[in-house]
Amino acid sequence: MDAKATLKVGLLGLGTVGIGIAKILLDTQGRHPLLNSLEISQVGVRSHKPRAIDLPETIYTTDLKSIVTDPNIDIVIEVIGGLEPARSLILEAIDHGKHIVTANKAVISRYGEEIYEAATAAGVYVLIEAAVGGGIPVIAPLKQALSVNRIQAVMGIINGTTNYILTRMQTEGGDFEPILTDAQQLGYAEADPTADVDGLDAADKIAILAALAFGGRINRDDVYCEGIRNISAADITYAKNLGFVIKLLAIAKLPNAPAYKAQTSNRIQVRVHPTLVPTSHPLASINGVNNAVLVEGEPIGQVTFSGPGAGEGPTASAVVADLLSIAASLSTGQNPDPLLTCMHDHGLSIVPNSEVVTRLYVRLLVKDTSGVIGKLGTCFGKHDVSLESIVQIGTLKDLVELVVVTHEVPEGAFQNALADIRQFPEVVDVPSLLHVL
Ligand code: HSE
């Protein structure tokens, strides 16, 4: 990698984020001077049409392949999103010796191994700050400022759409469907909200964070993923009365290790699910579209990063910061910089849910007969499930609603107890089962 006075950048995609990137690169006054060494050389677009940015017409091409194979281009930014053609274009660009900056969490979480192996062979960088948490610096801190720590856990609220919906459900007392519809009309949720509300976007992002934090490869398909469609206004209210807020948490942590113990196996927990978070916890107060990531390690303890997890400016800020890192590294002529590269040489296996030790919240609708609470307690006890609280919430004719919160228990033991409980003649329904942090 030679030091060059000007680095030519090929931009794949000129949507919201692409425009934000171009705006920063065209207006460098007051920003880092090294930005002046970066020049947008070509922009790959789907079709020619008027744009909300003033770039020369000759810069545009609909032939994206011509950008990734252009010998004059040093760095390719991929912000088209989706799996294909993004993956193939990234690989072809690497094959042609270009450094990559991408915001594409779907591609990196699924094809990271293939891409990083190709990048290592080609001697180029692949930087992905914008893929997780939008404008919040979290990838670079994990690779650099926090890299001397033994990481115990990385967890966070890493999907803004679901956090917006849950925050509104919390503040307005509304149910999921009408708030989703309103969020779509206001532009806070996509017309097809599946990737966000079913937790898939957050699962992509936590797979990336887990791989970095624990230094190994993650199979994205093994990440347990549960979205927020089944969260009801009732559960939000009950959780609130018990001192919790419900958040969609993405969690990667060592399996049940005592705090700050070094990782001794290649097994970790990686999961996404709605979670009752104590109101005193740092993630409980992250509201609206904001994201936050909490990293726990030794010796640092806990550190939380929070801020805007999406949008033109924040995401462009992260992409251009990666560009700048590459420019800085290339300007020294000493490459590859080990703090920018990503080296995973072993796989990490994900602990099955049945072995995860966690607190759980379950809401039960039962017949209002004598002895039912005792029967439930006995059954949980028989399965070694220790209870923290059991509360009778309300009555409905001859039925009562009970909310049970457990201590930390193996999830498999809890599921076995619940399977027995579902067979009790007094148990009419089990409307919800949620994790508790
Ligand atoms: N759709 C994502 C979110 C933003 O709602 O947070 C892009 O990752």
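The following exercises, each with a worked solution, concern the predicted model shown above.

Residues are numbered from 1 along each chain as its sequence is written. In this predicted model, local features need pLDDT of at least 70, side-chain atom pairs count only at pLDDT 80 or more, totals for chains, interfaces and linings use all residues, and side-chain values use heavy atoms, with hydrogens and water left out.

**Exercise 1. Characterise the packing of helix α1 against helix α11.**

Step 1. Helices (H or I, at least four residues) and strands (E, at least two) are DSSP runs, numbered from the N terminus. Helix α1 covers residues 16–26 and helix α11 residues 312–332.

Step 2. Axes are lines fitted to C-alpha atoms, for helices over the stretch in contact, and angles run from 0 to 180 degrees between N-to-C directions. The axes of α1 and α11 come within 8 Å and cross at roughly 60°.

Step 3. Angles under 35 degrees count as roughly parallel, over 145 as roughly antiparallel, 65 to 115 as roughly perpendicular and the rest as oblique. The crossing angle therefore makes α1 oblique to α11.

Step 4. Contact means heavy atoms within 4.5 Å. On α1, the contact is made by T16, V17, I19, G20, I21, K23, I24 and L25; on α11, by E312, T315, A316, S317, V319, V320 and L323.

Step 5. Ala, Val, Leu, Ile, Met, Phe, Trp, Tyr, Cys and Pro count as nonpolar, Asp, Glu, Lys and Arg as charged, and the others, Gly among them, as polar. The contact of α1 with α11 divides into 9 nonpolar, 4 polar and 2 charged residues.

**Exercise 2. Repeat the analysis for helices α6 and α7.**

Step 1. Helix α6 (residues 160–172) and helix α7 (residues 176–185) pack at an angle of about 125°, and their axes lie 10 Å apart.

Step 2. The two helices α6 and α7 are therefore oblique to each other.

Step 3. Y164, I165, R168, M169 and E172 of α6 meet F176, I179, L180, D182 and A183 of α7.

Step 4. By class, this contact of α6 with α7 has 7 nonpolar, no polar and 3 charged residues.

**Exercise 3. Describe the surroundings of F244.**

Step 1. F244 belongs to strand β9 (residues 244–253).

Step 2. Buried means under 20% relative accessible area, exposed over 50%, partly exposed in between (1.4 Å probe, protein chains only). F244 counts as buried because its relative accessibility is 6%.

Step 3. Leaving aside neighbours within four places in sequence, F244 is in contact with A239, L276, V277, P278, T279, R359 and V436. Of these partners, L276 is 32 residues apart from F244 along the chain, with 5.5 Å between their C-alpha atoms.

Step 4. The contact partner A239 is itself among the buried residues of helix α10 (residues 233–241). G243, which follows α10, has a positive phi near 95°.

**Exercise 4. Which peptide bonds, from E84 to P85 and from E298 to P299, are cis or trans?**

Step 1. The bond from E84 to P85 is cis, with omega near 10°. P85 lies in the loop between β4 (75–78) and α3 (86–95).

Step 2. The bond from E298 to P299 is also cis, with omega near 20°. P299 is placed in the loop between β11 (290–298) and β12 (301–308).

**Exercise 5. Determine whether D384 and K397 are buried or exposed.**

Step 1. D384, in the loop between α12 (372–382) and β15 (387–396), has a positive phi of about 65° although it is not a glycine. At 65% relative accessibility, D384 counts as exposed.

Step 2. K397, in the loop between β15 and β16 (399–406), has a positive phi of about 55° and is not a glycine. K397 is exposed, with a relative accessible area of 84%.
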